[in-house]
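Work through the exercises below with the sequence and the coordinates side by side, and try each task before reading its solution.

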Amino acid sequence: MGQGMYVGIDGCARAVTGAMVGVGGKARCVTQGYLGVNGIARQFFSLKKGPVYYGTVQALSAFSAISTGRYALFADDLTVQAFDESMTRRTADSLSAQRERHACAMAGPYVLFAGGFRYTGSYTLSRVIDAYDATLTRSTPNTLTAVSMYPAGATAGGNAVIALGSTTTINFVATVNCFSETLVRSNTLSLSVARKNVTSASFGESAVFAGGTAIGNVPNATIDVFDQALVRANPSGLSQATDDATAAVAGAHLLVAGGLRAGGNVKAVDAFNQSYTRSAAPELCVARKAAGAARLGGYTLFAGGSSRTEVDVYDETLAHTTTDSMLQGSTRVSGASAGSFAYFSSEGAFGSVYRT
């Protein structure tokens with residue numbers, strides 16, 4: 001449920017289950033209520049079930065984000081911000097090198113931000129690894145084996161698995177680096193197909209890399225799965241070759257949502273069970289790529305992307321609905337959650353917050 005509203009009756013707090021206002025001489029049901037807090041709208045009342053829009057947070061742009069259990073952690077080209085379960089914002093140590101489109105993944109207690117590039121008239125690619133511990137203190141104990149322009153990351157059995165993507169604007173690679181819980185690097189892994197713009201997610205004890213763009217700038221349908229022993233498997237791929245989709249877990253399924261196919265952006269959502277048997281989940285409400293995803297309670301949210309503001313919600317049975325739109329749309333969105341709140345970045349002045 002959303003936030004509740006209570007009134008005192010005979011010394012006891014009673015939940016408000018309905019509220020009405022007069023509009024044009026007619027009674028209209030109030031489904032949500034907001035208050036101004038420090039110049040920002042905060043929801044205090046909702047009759048809607050599931051995740052609902054809660055308000056905004058200022059200056060939340062990010063190229064990657066991750067939920068650590070304690071924090072929702074966001075990194076833009078330099079600044080790293082963390083939100084705890086009470087919505088308290090902390091600014092962590094900055095990245096050691098300015099860059100965008102980095103990957104993130106957890107290695108044991110550490111959050112890694114890996115690779116990426118900076119564009120200042122020409123591209124400068126990075127192999128830097130910034131590692132943040134539970135106190136949000138940064139260290140740089142290791143590097144990628146090569147510079148990485150469009151990396152992707154996920155966690156397998158406590159290991160951070162980073163697919164490098166491309167080492168120049170045109171050189172796609174299959175190289176995968178793995179970092180143990182003590183941040184020791186292994187260089188022996190690879191994707192089955194060299195590609196960039198892969199979507200990735202941690203699913204159970206495995207790291208999954210799906211779709212992307214292969215050599216020749218052709219969308220790809222391949223799925224690579226690294227289990228907790230870091231052994232690669234290649235189950236049935238996506239239903240169609242898809243670039244720049246968004247992967248997230250919903251209940252006992254991995255969802256790969258939206259993305260770019262040969263004919264343009266799509267609404268399609270592929271669902272994979274724990275045996276990686278594929279089925280079709282309900283479609284997104286609008287076609288888009290590069291949406292942000294976050295889990296909130298028993299729900300999985302896909303927000304924004306392709307400058308859209310819509311938010312799709314899937315429960316653990318894959319039942320689909322939509323909720324309130326984001327305040328601002330963004331070409332690319334990153335999402336993460338902490339406690340009862342999910343946060344989504346924006347290229348504008350505000351990020352959007354949802355809660356159960």
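**Exercise 1.** Determine how many residues lie between β9 and β10 in their hairpin, and how the two strands pair.

*Solution.* The hairpin formed by β9 and β10 has 4 residues between its strands, where strands are DSSP runs (E, at least two residues; helices H or I, at least four) numbered from the N terminus. This is a predicted model, in which local features need pLDDT of at least 70, side-chain atom pairs count only at pLDDT 80 or more, and totals for chains, interfaces and linings use all residues. Residues are numbered from 1 along each chain as its sequence is written, and side-chain values use heavy atoms, with hydrogens and water left out. Next, β9 runs antiparallel to β10 (residues 80-83), joined by 4 bridges, and two strands count as paired if DSSP finds at least two bridges between them. Within this pair, Ala75 stands opposite Val80.

**Exercise 2.** Work out what lies on the other side of β9, and whether its faces are buried or exposed.

*Solution.* Strand β8 (residues 64-67) also pairs with β9 in the antiparallel sense, over 4 bridges, with Ser67 opposite Ala72. In the hairpin of β8 and β9, Gly69 takes a positive phi near 100°. As for the faces of β9 (residues 72-75), Ala72 and Phe74 on one side and Leu73 and Ala75 on the other are all buried, that is, under 20% relative accessible area with a 1.4 Å probe and protein chains only (exposed is over 50%, partly exposed in between).

**Exercise 3.** Explain why β29 and β34 each have one side without a neighbour in their sheet.

*Solution.* The open sheet has 4 strands in the order β29-β30-β33-β34, paired antiparallel. Because β29 (246-250) and β34 (278-281) stand at the edges, each has a single partner strand.
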